[in-house]
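I record here what I looked up in the structure. The entries concern helices, their surroundings and their packing.

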Amino acid sequence: MYRPFRTAAVLGAGVMGSQIAAHLANAGLTVHLLDIPANSANKNELVETAFKKALKQSPPIFFTEKTARRVILGNFDEHFQRIADVDWVIEAVVENLRIKQQLMARVESVIRDHAVVSTNTSGLPIHLIAQGRSESFRKRFLGTHFFNPPRYLKLLEVIPTTDTATEIIKRMQWFARLHLGKGVVVAKDTPNFIANRIGTYAIMLGLRALTEHGYTIEEIDTLTGTLVGRPKSATFRTADLVGLDTLMYVAENIYPAIPHDESREIFHVPPLLRKLVETGSLGAKTGQGFYKKQGKEILSINPVTLVYEPAKPLHLGDIEAIEKIPDLGDRLRALYQDKGRAGTFFREFILNLLGYSARRIPEIADSPIEIDQAMRWGFGWELGPFEIWDALGFETVLADMKAVDIPVAEWVKKDGEMGRWGDGRNESILMSPSTPLDEINLATLKADPKNTLWQNPEAALLDLGDGVALYEFRSKGNTLSLKVVDGLAEALDILETGDFRGLVIGNSGANFSAGANLAEMAMLAQSGNIQAIANLIVKFQSLMQRIHYFPKPIVAAINGRVLGGGCELVMACPQVVAAAETYIGLVELGVGLIPGAGGLMRMVTWAADRAATESPHHIQPFLQKAFETIGMAKVANSAYEAQEFGYLAPTTKIVMNSDRRLYVAKEEVLRLEREGYAPPPERNAIMVLGRPARAMLEHAAYIMYQGGYISEYDRFLASRLAYVMTGGELTVPSLVDENYLLQLERETFLPLLSQPKTQERIAHMLKTKKPLRN
């Protein structure tokens, strides 16, 4: 077991330094953020200005506003001695080798004997930065290359030198994975390491297709985006986000550093990129790069005239048919086999990319696995290069490379078996490191039919072992469809009568649940079958109550978006394990409804529990906060903020690495069962505040309306929300039970479905995936 870092110093408060400091603070560390002194009376002026700018970033770099208090600002003149007390020093100053070397000499003169030192450089040789330092220092020195933004991008490239002690490497891998939530790849000390070497090559391929092969910016982004399992930013939007000056800087630095690279000419900066940088068109940070937003229209640069023009029609054949193929592997194969311009581009692009990736082994990495992980975690690719190769067919790709004279890496040998690689190990390219002991791989679990205890088309009950079952959503968007709700009830029946110790509710999707299935709800509303909807609400409420008071422990394992009914389900679970990056909220007012499955009842209970006493003036501030949170359809920015909002209990287990949540949830079930689990006591006396409090809440909504912050219909919805949260027609503060509030939810929810403006909101959400404020 390694010791976790508890204190750190980040040297350099630029874009990366500030964000690295923020993420360390998110992980619970006390962080000293230091930068050069200002030429003013306040020597902290530069670091304070940089930090204030970082605090305004969107999406936010801190889990909560309070988290920022863990960062202590300072300057190199007055506060450098602070690093004598830290466990980890991260250098993130300007990319200048001499400056970094001088700083390392100063760091060595101050730090403790056991402190670890790392650099976040992306372009300089790691070993040169520690040149001239003692053997003891070099043993504790390595590269830690965070990807921007560090909070949200999973990849951390750890780059040891030949002097770095093995124990330091292992400790960094352990800490980064467990406490920072990172996917760690050990890279070699080569130019741009792994992800940026391959990623920059891919962007340069796209640039060449624009300037030499007659494809438009929009066509290239269509063929290198979500269609092929990459982010929607694709090639040119990614370049704009990174910054065209940064892209040019990377290319200019890598070109002279790789004289041995047979494909180095691809990194030669094309005239178009250089011209854009020279004219200040640097991408998103200057408002224009390859793209420019003008009003509501997105224009793109004409590579010949350098004039921004509206998008031209795509000439990619029947690309829409390929886009509709749900499985990524099938989609890639269809595109690869396409006989038109789309297929021609993709084959040339992917063959060059795969060939280049293979030729970089063992230069930048020892195996395909490391390159695949780096591209998935660093650039958001669904499949890494070698996983794509495997999906297209090993033999097919190899034969096509040879046919167009793309050099094939020596280690890639045909051994007579499809999908196998002659790397001396006779292993499939898809083989990956074994799943860590503190993770559960659902794909592996589901591969064995014996682990499926029950299933319907949109849900399944799986055996996690040790008497713990998992209920997995499989509906589109993991919505709480009728099949999911009915399946959960059936799963509880199986759990109650079978030899099970408890249940985990979770899945392996990017988002836990998008909430209720609006399409099903809208269909019932349009049919006029109000009784069917009433029955559904009763069923859903009853199911939530059954979960809350179930005799065996039930733990929700959540991550990503947890919205509407999904949030109500989580709030009903007696225990929750949440990934830190969980964005949860009761968002029903955005579609013209109120929470109707116990969410309001639980938020009213939360307000009463948070108050010092049951006195109305103690409860009112918390009720006001809950009202505003729900009324504005606020979604928590993290699991920690969700606790502040009242969506998650203080007892929630929060894990930084989302991949661990199912394992931790299973362990939580076992712990609760071993301790002698008993469900929570029933709440038969919840203090509601009656009409006086309702008037205050409605007045707050009126002020928002008068200020133009909400629409008239929002105000009407807020009045219905206040009606339920204060106890309906009760004239004075009173004690009520849960069923009283649940009935109020039902009685208020149902009429809203018949409101034309609610139906407009639902239709707009289904069509655009965005809320309508009518």
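The entries below take three topics in turn.

Basis. I worked from a predicted model, in which local features need pLDDT of at least 70 and side-chain atom pairs count only at pLDDT 80 or more, while totals for chains, interfaces and linings use all residues. Residues are numbered from 1 along each chain as its sequence is written, and side-chain values use heavy atoms, with hydrogens and water left out.

Helix H24. I took helices (H or I, at least four residues) and strands (E, at least two) as DSSP runs, numbered from the N terminus. H24 covers residues 616-631. Its 16 residues should span 22 Å at 1.5 Å a residue (1.5 Å times one less than the number of residues), and the end C-alpha atoms, 21 Å apart, agree with this. I listed its buried residues (under 20% relative accessible area, 1.4 Å probe, protein chains only); among them are Ile619, Leu623, Phe627 and Ile630. Their cover includes helices H23, H25, H27 and H28 and strand E19. Just after H24, Ala633 takes a positive phi of about 50 degrees.

Helix H29. The end C-alpha atoms of H29 (residues 738-753) are 23 Å apart, in agreement with the expected 22 Å. At its N-terminal end Asp737 acts as a cap, with a side-chain oxygen 3.3 Å from the backbone nitrogen of Asn739. Buried residues of H29 include Leu741, Glu745 and Phe749.

Helices H14 and H17. H14 (residues 341-359) packs against H17 (residues 394-403) at about 100 degrees, with axes 10 Å apart. I therefore noted H14 as roughly perpendicular to H17 (65 to 115 degrees).

Terms used: Buried means under 20% relative accessible area, exposed over 50%, partly exposed in between (1.4 Å probe, protein chains only). A polar contact is a pair of N or O atoms within 3.5 Å; within protein, one must be able to donate a hydrogen and the other to accept it, and residues adjacent in sequence count only if both atoms are side-chain atoms. Axes are lines fitted to C-alpha atoms, for helices over the stretch in contact, and angles run from 0 to 180 degrees between N-to-C directions. Angles under 35 degrees count as roughly parallel, over 145 as roughly antiparallel, 65 to 115 as roughly perpendicular and the rest as oblique. Contact means heavy atoms within 4.5 Å.
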